[in-house]
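I pulled up a model today and went through it spot by spot. These are my notes, in the order I looked things up.

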Amino acid sequence: MKKMLFPQIAQVLHGGDYNPDQWLDRPDILEEDVRLMKEAGINTATLGVFAWSAYEPKEGKFHFDWLLSVMDRLYQNGIYTVLATPTGAKPAWLDENYPEALRCDANGMRLRHGNRHNHCLTSPAFRRQAEVIIKRLAEAVKGHPGLILWHISNELGGECFCPLCADQFRNYLRQRFGNDIEKLNKAWWTDFWSHHYTSFEQVEPPYANGERSIIGLNQAWREFTSWNMGQYVKFERQLLRELTPDIPATTNFMQVYPTLDYHELAKDLDMVSWDSYPRYHSDTESMPETAAETAFAHAVIRGTKPGQPFMLMESTPSLVNWHSFNKLRRPGVLRLSSLQAIACGADTVQYFQWRKGRGSFEQFHGAVIDHLGTDDTRTFREVAALGADLKKLAPVLGSVPEAKAAVLYDWSNRWAIEGMAGMAASTKQYVRTVMEQYEALSRLGVETDVVSPEADLSGYDLVVAPMLYQLKPGRAEHLRAYAKNGGVLVFTYLTGYVDENTLCFLGGFPGDGLKELTGLYSEELDTLYPADRNGARFEDGSVFEIRDYCEILKVQDAEVLASYTDDFYAETPVVTRKKAGNGSVWYVGARLEARGMEAVYSRCLDEAGTVRIPMPEGTEAHFRSNGEQRFAFYLNHTEEPVTITPAAEGTDLLTGRRVKDSIVLEKYGVAVVAEDAV
Ligand code: GAL
């Protein structure tokens, strides 16, 4: 079951973005870099992320010698190359010669040259130029023994409202609606406010100053933009596959990024990776809270490519320069957060950036090597010590988190919730709600995945589907089958309101057959003001607070577990359960406080017979397994030593010590226990 990302290296990848193209006039620094990388236990460098103008300073004039000599020197010193395609930023000549490569904003205004991550997603001229540089680059490095991975572009995102994209949108709609404008009219309910179209040519993107009242159009635009970016990724991936068939490819994701469906994008990638920049030590969150959010983000990313490790492509060795307050990570936090990534399924720890540049936007962004230029810094020492730790974790490579529960997360559902007019924009908070379910399960001591509603759910004891407002065709059936086959399935308020085009289901929510599965329907949804409260009283007398949303449920055939305490719907059902085949279906009709959800999940887990490893406050446990061996990670996110009871005996890979009944985790301490076989 081992799925090694880089079998030829067989070490945790430790490296980061390296920009020798900014230092070509300083061969002494380039020499020194390699020496320092070795000292820090660096075994990989990500090259060329924004190097297009260094490769092709003028259209058709190419320079790859500098790259090859850097790759050679790195390889001779045991350092592998992750090579980016340089399409994350365009050279000035490209925008000058091909203005159509520049994006248009939501007012249809063409952007000017500058910045990055801003090419038009459709422009044939941009694709032609991208094809030229990617082909030349791949030909230059083809067969280089140091090359292990392609890094497609950089942090793809955003949208473009240019005429080419608008046409492409129309083509996408023609495809989607079988070239039948009446199908589109029906799906978008266009008789409302006289929006009926008579041809696809009349359909415009939802410009900022134009039509935004057709919810189906807004949703389709979001889906189109994500799809179009996917087409772009396919284009680069295909080119690379033709030129270097043996080199895998990824692109670096950005957390739970709002506008791209990473579940779709990941299908074209060999492995997924992301850039993690948590706001540690902030004035609004505790360390454990920030850590829990980060664990959730790791779970989201690994859920885009289940069953294999992911890559932590970027993280800062010290601080960033773009948070509102760029506080230093305290000593020990680099180690803790990097090992947390490994605990959550990463097989790499990579940084942005190796060396601080002298000028421009990121000159004060943290790096392994400071402007000081030496190894005599706190950051360097922490990186080097981490490098030594990572070497000890080679046995973990290729294993994956052993999750017993899953929380469903879906981008299209997110867009549908955010895009519907209703409820309260400030409290809908779909992503936060999904995260809170993940966190509640983690607190109960259950390793949890975050996956698409279309994922294979058969291995999970418990599946939670928070706010699954949109049911695309087949999803309700998929969930029903999961429950009937013995799974415990939890729905919440706002389940099954609309279809793939955001048309409401008729005959009662949750629609598409879920009314029968849950044994109830939701007659009304009450949106509370932020200060309003209600409560859920369970049969044992316990009461948990409710805020933001309450559904008034009509229960037809389900056991009522809790009822509202207040308001005109006091005493009516709020939490229910119904048997379904070999499993059960639970419905939580209101936004219950965390402790309330934990109480519900505890019962679900008991019913499913799931083993739990509850941990002391502020600590986390994660389990990775390769089918033969299990590794337990215990992390202390607090500033005090904590004693924990390990799930099993074994050997701590970091210290080499035997672990039996208890482990003392120092402030920010971590233990990685290779458990004894049972
Ligand atoms: C990332 C980006 C890097 C660098 C980094 C700074 O989002 O990919 O190029 O800008 O942020 O934190």
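How do the residues of the shell around the ligand divide into nonpolar, polar and charged? I get four nonpolar, two polar and five charged. Worth writing down before going on: this is a predicted model.

**Ligand shell**

I listed who surrounds the ligand. On the aromatic side I noted Phe50, Tyr277, Trp322 and Phe352. The list also has the acids Glu155, Asp275, Glu314 and Glu362, and it is completed by Arg116, Asn154 and His365.

Next I checked polar side-chain atoms against ligand oxygens. For His365 I read 2.6 Å between a polar side-chain atom and an oxygen of the ligand. Glu314 also has a polar side-chain atom by a ligand oxygen, at 2.8 Å. For Asn154, a side-chain N or O atom is 2.9 Å from an oxygen atom of the ligand. I then looked at how covered the ligand is: taken alone it exposes 310 Å², and the protein buries 95% of that.

Where does the ligand sit? I find it in the largest pocket.

**Cis peptide bonds**

I went through the backbone for oddities, bearing in mind that most peptide bonds are trans. One cis bond runs from Phe352 to Gln353, with omega near 20°. Phe352 was already in my notes as one of the residues surrounding the ligand. Gln353 is in the loop between β9 (346–351) and α12 (378–391).

Another cis peptide bond joins Phe509 and Pro510, and here omega is about -5°. I placed Pro510 in the loop between β14 (488–492) and α17 (514–518).

**Positive phi**

Most residues other than glycine have a negative phi, so I noted the exceptions I came across. His281 is not a glycine, yet its phi is positive, about 60°. I found His281 in the loop between β7 (273–275) and α10 (287–302). Is His281 buried or exposed? His281 counts as buried because its relative accessibility is 13%, and the cut-off for buried is under 20%.

Asp548 also has a positive phi, near 70°. Unlike a loop residue, I have Asp548 down in a strand, β17 (residues 543–555). Asp548 has a relative accessible area of 10%, so I logged it as buried.

**Three helix residues**

Arg170 is in helix α6 (residues 163–176). What does its side chain contact? I see a polar contact with the side chain of Asp167, at 2.7 Å. Arg170 is charged, but with a relative accessible area of 10% it still goes down as buried.

Asn228 is in helix α8 (residues 215–243). Its relative accessibility is 0%, so Asn228 counts as buried. I also took a distance from here: the C-alpha atoms of Asn228 and Ala608 are separated by 41 Å, and the two are 380 residues apart along the chain.

Ala481 sits in helix α16 (residues 475–484). Why does Ala481 count as partly exposed? Its relative accessibility is 30%, and partly exposed covers the range between the 20% and 50% cut-offs. For Ala481 and Gly583, 102 residues apart along the chain, I read a C-alpha separation of 9.6 Å.

Definitions and conventions
Residues numbered from 1 in each chain as written. Predicted model: local features only at pLDDT ≥ 70, side-chain atom pairs only at ≥ 80, totals over all residues. Heavy atoms only, no water. Near = heavy atom within 4 Å. Polar contact = N/O pair within 3.5 Å; in protein donor to acceptor, adjacent residues only side chain to side chain. Areas by Shrake-Rupley, 256 points an atom, 1.4 Å probe, with all protein chains shown as cover. 1 Å grid on protein atoms, 1.4 Å probe; cavity = no way out; pocket = protein on both sides within 12 Å on 5 of 7 lines; lining within 4 Å. Sits in = over half its atoms within 2 Å of the grid points. Nonpolar A, V, L, I, M, F, W, Y, C, P; charged D, E, K, R; others polar. Helix = DSSP H or I, 4+ residues; strand = E, 2+ residues; numbered from the N terminus. Buried < 20%, exposed > 50% of the residue type's maximum accessible area, 1.4 Å probe, protein only.
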